[in-house]
Amino acid sequence: MQIAETLRNTLADAIVTDVGAGAYVRFYDTSLTTKFATIACSNPAFASASSGAIAIDVTPALTDTALAAGTVGRMGIYQNTTAAAGAWRLLFGVATASGADVTMSNLTVATTDTIELTSLTVTVPAGTVTVS
């Protein structure tokens, strides 16, 4: 199935609306037992959709000081700061050194390291047409 770009933009903009004004990005280990950072997003957190994609606003810089030492493996976007690691989140992804939902320059963090989110794009897939 193929999705028209106008519908993809509508769906992506719905994510922007749902994320709202008080969103936070949190970084965890792969088991979600260690939280490394909670970064407050800009308001709005994402720009309006274009070509079915939304990009997080990184001005001013989105940073936090690491709360613990370890290896980052997961990232979640939450509507507020009250949700626990396993609680409902709006968006959830994998963090790796390359090719994942979130790419980090260094997955291993030490306590008091600065963690900075420099880019994040969410794309509503266009799909493909298959004729059989």
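A pocket is an open set of grid points, on a 1 Å grid over the protein atoms alone, with protein on both sides within 12 Å along at least five of seven lines. Its volume is the space filled by probe spheres set on the points. In the predicted model described here, the largest pocket has a volume of about 210 Å³. Rolling a probe the size of a water molecule over the atoms shows where empty space is left. The lining of the largest pocket is formed by 15 residues, and M104, S105, N106, I115 and E116 are those that lie nearest its centre. Strands β8, β9 and β10 each contribute at least two residues to this lining. The largest share is supplied by β10, with four residues.

One of these lining strands, β8, also takes part in strand pairing. Strand β8 (residues 102-103) pairs with β7 in the parallel sense, over two bridges. Within this pairing, A95 stands opposite V102 in β8. Strand β7 (residues 91-96) pairs in addition with strand β6 (residues 74-78), here in the antiparallel sense and over four bridges. In that pairing, I77 is found opposite L91 in β7.

Helix α1 was examined for its length and for the side it turns inward. The helix comprises 15 residues (residues 5-19), for which a span of 21 Å is expected at 1.5 Å a residue; the end C-alpha atoms are 21 Å apart, in agreement with that value. The buried residues of α1 include R8, N9, A12, V16 and V19. These residues lie on the same side of α1, because they cover an arc of only 100 degrees around the axis. The elements that cover the buried residues of α1 include β3, β6 and β11 (121-123). Strand β6, which pairs with β7, is thus named again among the elements covering the helix. On the face of α1 turned away from its buried side are the exposed residues T6 and T17. The helix is followed by G20, a residue with a positive phi near 75 degrees.

The backbone was next considered for uncommon geometry. Most residues other than glycine have a negative phi, and most peptide bonds are trans. Two residues that are not glycine have a positive phi here: S51, with a value near 55 degrees, and T112, with a value of about 80 degrees. Residue S51 is found in the loop between β2 and β3, whereas T112 lies in the loop between β9 (108-109) and β10 (114-117). The relative accessible area of S51 is 40%, so this residue is classed as partly exposed. For T112 the relative accessible area is 57%, and because exposed means over 50%, T112 is classed as exposed.

Cis peptide bonds occur at two prolines. The bond from N43 to P44 is cis, with omega near 0 degrees; P44 is located in the loop between β2 (35-40) and β3 (53-55), the loop in which S51 is also found. The bond from T59 to P60 is likewise cis, with omega near 0 degrees. Residue P60 is placed in the loop between β3 and β4 (62-65).

Terms used:
Residues numbered from 1 in each chain as written. Predicted model: local features only at pLDDT ≥ 70, side-chain atom pairs only at ≥ 80, totals over all residues. Heavy atoms only, no water. Buried < 20%, exposed > 50% of the residue type's maximum accessible area, 1.4 Å probe, protein only. Pairing = 2+ DSSP bridges. Expected span 1.5 Å × (residues − 1). Arc of directions from axis to C-beta. Contact = heavy atoms within 4.5 Å. 1 Å grid on protein atoms, 1.4 Å probe; cavity = no way out; pocket = protein on both sides within 12 Å on 5 of 7 lines; lining within 4 Å.
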